[in-house]
Amino acid sequence: MALAILFGCGQAYAQSAQIIVNPSVEAASLDRERLRAIFTMRMTAWPDGPPIRVFVLPDRDPISDRFYREQLGMYSYVLRAVWDRMVFTGTGLAPTLVRSEEEMRARVRATPGAIGYVSSGAPTLRSPMQSPLLYVGLQRR
Amino acid sequence: MRRIAVLLLCAAACASARAADYQVHGYAAQGFVYTTDNNFFGPSSDGSTDYYEAGINASAQVVPGFIVSGQAAIRDAGISDDGSLRVDYALADYRFISSETGSAGVRAGKVKNAVGFYNETRDVIFTRPSILLPSVYSDNQNQRSLVFTAPGTQAYATRVFGRHELSFIGTKNFNRDVRKSDERLLIDLGGLPFDLHIRDSWNAQVMDSFDGGRWQFGVSYFFGRFTLTTPPQITLAGTFDVGLTMFSARYNAERFSVTAEYVLNPNENEVTVGGIPVLRQDITADRGYLQAEYRLSPHWGLMARLDGSFSDKHDRNGREFAAANPGSARESRYARDVTVGAHWRSDEHWGVWAEYHWIDGTAPLQRAENPQGVSDTRWSLVMLMAAFRF
């Protein structure tokens, strides 16, 4: 599995979006197939059991676009159609929308089982008092 | 008044999707319809605002894999929908397989039937390509309580095979009464009392989503048997077997999408008086469209569509029908619709849509909405809609 796990290192994949997960999540492989299953809300629990909480930035945010395109191989409007179908047929919960990368970090840090994404070039907000977010850099297959 | 109440509800619940384990969402849209001739979705030849739709839903994940949800909705569309409050869906969903390679589960309650790309979310403008759905969805026939949502049990499964994601949804609907407001659009017995039931109704859809949804192919099937009963002294009875087989295909590129769907709609009708058959019909209607959508920017989108709708696929120009039914117009048996449209989305909550239809034929018109007859068989339809979602 071509996977690198980078603790707190925000510079590894410049110009890319970067996955972040709550520290409660065991370092799991996150290949494209699993990411698609998570972000289309088909897979609802981590392999070791806890529920997955998905956080996303607005569809129009360039980071969303980059993340969906590069790491899921999907367009944001196609994902939106998947979520809308669940929301308006009562067959699933849509991802939780956050307004900024700062909010993304805070919510992912505070929510067990959470997964989200930020831009890889952004500074990481860490202090010794805070548990670090787990940054997962994904190599493209 | 009802519209205002729904908007207030929407506003009150606007802080939706804050919690992970329950969500509240909704939509509200107001339309304006203008036709050069004929009435469609209300008294549109004078310009009509009789077209609106709104809904509010809630979903809660009780335990992982188990969801309960419901949506209340109103919709008014001239004669074909009366604006009454209805339960659009109310269901429990238990997903017993949920992994990266697949999922499977069951649902029970009032469920949405999977037909084509758009049926399940057909009343939410944000999920449609245009204000008026293509003719394969029979937007002016109001089959909502008949075909498109119904109480029943549903099984679903998804499985990933390489770059293909295959999904299946199968529904067995319960036997049920047809709403009075729908009955009057389906059957006219000149004022005689009657009841219409639907039974043996089921549907299934298989969809292949290839390469992250870039290509999508689907086949949907629906069957239902309508039975007509009258009081004993009238002794009129009927059965109407209705089938739908829909083929769906779509290509999604970054900026544009191309969608095509085609439906075959066989009807086997038998009417008896005192047990003696007086009418036996076996007619297959077909409808289809080819549609292009272009996303100019995150705010602006354009669409164009060629649509054809035929009441009898062996008599597409209606000549045989007109010959067999003196006084009937052959143009009532088909419609060819050329549509162009545009929309503007200010943000994820608000949007405005506009579209123009040039239509040859009167198949989609409701007789009860055009009591003095059709004024022109070639007509134009302009639709505007402003909508909010959360």
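Select Glu165(B) and Arg42(A) to start: the two form a salt bridge, with their closest N and O atoms 3.1 Å apart. Keep in mind that this is a predicted model.

**The A–B contact**

Now widen the selection around that pair. Chain A and chain B share seven salt bridges. Residue pairs in polar contact between the two chains number 26, both partners being at pLDDT 80 or more. Which elements of chain A should you colour on the side that touches chain B? Colour α1 (32-39), α3 (76-87) and β4 (96-97), each of which supplies at least two residues. Then isolate α3(A): with six residues, it gives the most to this side of chain A. Colour the touching residues of chain A by type, and they divide into 13 nonpolar, seven polar and 13 charged.

Next, show both sides at once. Chain A puts 33 residues into the contact, and chain B puts in 57 residues. Between them the two chains bury about 3700 Å². Carbon and sulfur atoms account for 46% of that area. Select Arg42(A), Arg60(A) and Phe88(A) in chain A: these lose the most area to chain B. Together they make up 23% of what the chain A side buries. Arg42(A) thus appears twice on this tour, in the salt bridge with Glu165(B) and in this trio.

**Helix α1 of chain A and what follows**

Stay in chain A and select α1(A). Is this helix mostly covered or mostly open? α1(A) is mostly covered, with six of its eight residues buried. Show their side chains: Arg34(A), Leu35(A), Arg36(A), Ala37(A), Ile38(A) and Phe39(A). Two arginines, Arg34(A) and Arg36(A), are among the buried residues. Step past the end of the helix to Met41(A), which follows α1(A) and has a positive phi, near 65°.

**Gln71 of chain A**

Move to helix α2 of chain A, residues 62-72, and pick Gln71(A). What does its side chain reach? The side chain of Gln71(A) meets the backbone oxygen of Ala17(A) at 2.7 Å. Gln71(A) counts as buried because its relative accessible area is 6%, below the 20% cut-off.

**Strands of chain B**

Switch to chain B and select β17, residues 378-389. Two of its pairings are worth tracing. With β1(B), residues 22-35, β17(B) pairs in the antiparallel sense over nine bridges. To find one of the bridges, select Ala28(B) and its partner Phe388(B) in β17(B). Now add β16(B), residues 350-360. It is also antiparallel to β17(B), and the pairing runs over 11 bridges. Here, select Gly351(B), whose bridge partner in β17(B) is Ala387(B).

**Two loop residues with positive phi**

Finish with two stops in the loops of chain B. Go to the loop between β5 (102-112) and α2 (144-148) and select Ser138(B). Its phi is near 50°, a positive value in a residue other than glycine. Ser138(B) is buried, at 9% relative accessible area.

Then jump to the loop between β10 (215-229) and β11 (236-252) and select Thr235(B). Phi is positive here as well, near 60°, and Thr235(B) is likewise not a glycine. Is this residue buried, partly exposed or exposed? Thr235(B) is partly exposed, with a relative accessibility of 38%.

Note on methods:
Residues numbered from 1 in each chain as written. Chains lettered and ligands numbered in written order. Predicted model: local features only at pLDDT ≥ 70, side-chain atom pairs only at ≥ 80, totals over all residues. Heavy atoms only, no water. Contact = heavy atoms within 4.5 Å. Buried area = accessible area lost by both parts, 1.4 Å probe. Salt bridge = Lys/Arg side-chain N within 4 Å of Asp/Glu carboxyl O. Polar contact = N/O pair within 3.5 Å; in protein donor to acceptor, adjacent residues only side chain to side chain. Helix = DSSP H or I, 4+ residues; strand = E, 2+ residues; numbered from the N terminus. Nonpolar A, V, L, I, M, F, W, Y, C, P; charged D, E, K, R; others polar. Pairing = 2+ DSSP bridges. Buried < 20%, exposed > 50% of the residue type's maximum accessible area, 1.4 Å probe, protein only.
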